[in-house]
Amino acid sequence: MRPTPRKCVIDSQIYSAAIEFTANLERDEWGGIGIGSYTKNNEVLLKGIVFPPQYRSSATYCSFEAKYLALLKFTLGDLGLFPQVTMVAWVHSHPGHGIFLSDLDRQTFGELIGENDRLIAAVIEPTQKLIGAFSGASATDQIEVEKRDLLWKEDQRIRLALLENLLPEMKVLVPPLPDNCTPGNLLETLYVLADKIVRMRKWLATEQLARQASLLAQPENEVE
Amino acid sequence: MAKTVYIYFAWQDHYQTLTLDDKQTVRKALRAILPAGVRSDEIESAIDETGLNVIDQFGEFLHEGMKITVSRNKLYEGGASGVFAITIRRSVTVCTFGVACLRGVSATRP
């Protein structure tokens, strides 16, 4: 077994977005999947969080279906991000309860660690504006969490930003497209991917249809 | 015409191929390759690359080499409910004690 991570570095934008998202759910808990990579120093770099629709959620419970994890893995593969970017954390919120793992949390973590033996469990506490992380086979060790502006390869950031469009049924928290991203760069990536991704083709078709529909609506507006 | 699709069993992170004909549903074809100990009625969904549940679709609507994710009725659960259970248990203990006291008081009354 590979050594377990000793530190979790969360992209600053993702940290804030995760706190904001989980703070606006009427104090219900919400579960999801953290995606990112590892450094040679055994740190987890949390680059994004994906929240599937919740099967059930309340002030003290949340659950999501396994199929969404599989869908996310396929999509990361289709975007050419896997295995550089993979599931690195099981994430859920504890609004108002504090940073800890309950027995149920540890049980779920035990099932998920089979997917990745370096998995960590991250707990978001929106009322305290904190995120905590746990590592180890039974997630017994609380590890340091650091907020940092992570550096990105432009191509990887574009691909990650596209995740939101490919998984419309999920809440996807990833950094936005880079400021210096030109339409040329974007199109290049899109066309490389569109060749092989059915979901991407569907999305492009819908976008194109929407654009055509708005163009068709234009003359009528002008007449009015 | 027979088609071969890729099946991904989500609960055990395992890929397998499945060949089905035009008139077979995914559910029916799956029976032949389900891992031991898994019944077909335990299968909740078979999601294609577009996110569509194709469990009851016929082979004729699928395309060769398609990737399909098969899920059991499995949930990933989290929650702080353990903490609340302890709180409730404590208050129940307090209540029982209170009732006992009241009964005791009542018994000593003339």
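How many bridges pair strand β4 (residues 56-58) of chain A with β5(A), and in which sense? There are 3 bridges, and the sense is antiparallel. This report starts from that pair and works outwards.

The model is predicted: local features need pLDDT of at least 70, side-chain atom pairs count only at pLDDT 80 or more, and totals for chains, interfaces and linings use all residues. Residues are numbered from 1 along each chain as its sequence is written, while chains are lettered from A and ligands numbered from 1 in the order in which they are written.

**Chain A in outline**

Chain A holds 6 helices and 10 strands. Here helices (H or I, at least four residues) and strands (E, at least two) are DSSP runs, numbered from the N terminus. Of the 224 residues in chain A, 42% are buried. Buried means that 20 or more other C-beta atoms lie within 10 Å of the residue's own; exposed means 12 or fewer, and partly exposed is in between, with C-beta atoms placed from the backbone. Take the contacts in chain A between residues at least 6 apart in sequence: 70% of them join residues at least 24 apart. Two residues are in contact if their C-beta atoms, placed from the backbone, lie within 7 Å.

**A sheet shared by two chains**

Strands of a sheet pair through backbone hydrogen bonds, either parallel or antiparallel. Two strands count as paired if DSSP finds at least two bridges between them. β4(A) and β5(A) form a hairpin, with 2 residues between them. On its other side, β5(A) (residues 61-65) meets chain B: 4 bridges join β5(A) to β5(B), and the two run antiparallel. The result is an open sheet of 3 strands, in the order β4(A)-β5(A)-β5(B). Its edge strands are β4 of chain A and β5 of chain B, each pairing on one side only. The twist averages 20° from one strand to the next.

The table lists residues that stand opposite each other in this sheet.

| Residue | Opposite residue | Strand of the opposite residue |
|---|---|---|
| Arg56(A) | Ser63(A) | β5(A) |
| Ser58(A) | Tyr61(A) | β5(A) |
| Ser63(A) | Glu77(B) | β5(B) |
| Glu65(A) | Leu75(B) | β5(B) |

Strand β5(A) is mostly covered, with 5 of its 5 residues buried. Tyr61(A), Ser63(A) and Glu65(A) point one way, while Cys62(A) and Phe64(A) point the other way.

**Where the chains touch**

In total, 23 residues of chain B are in contact with 30 residues of chain A. On the chain B side, the elements that give two or more residues are β3, β4, β5 (75-78) and α2 (81-108) of chain B. That side divides into 9 nonpolar, 9 polar and 5 charged residues. Ala, Val, Leu, Ile, Met, Phe, Trp, Tyr, Cys and Pro count as nonpolar, Asp, Glu, Lys and Arg as charged, and the others, Gly among them, as polar.

**The sheet of chain B**

Chain B also has an open sheet of 4 strands, with the order β2-β1-β4-β3 and mixed pairing. Its edge strands are β2 (14-20) and β3 (43-47), and each pairs on one side only. Neighbouring strands are turned by 30° against each other on average, direction ignored. Strand β3(B) pairs with β4(B) (residues 67-72) in the antiparallel sense over 4 bridges. In that pair, Ile43(B) stands opposite Arg72(B).

A helix of the other chain packs on this sheet: α2 (residues 66-78) of chain A touches β1 (3-9), β3 and β4 of chain B. The direction of α2(A) makes about 155° with that of β4(B). Axes are lines fitted to C-alpha atoms, for helices over the stretch in contact, and angles run from 0 to 180 degrees between N-to-C directions.
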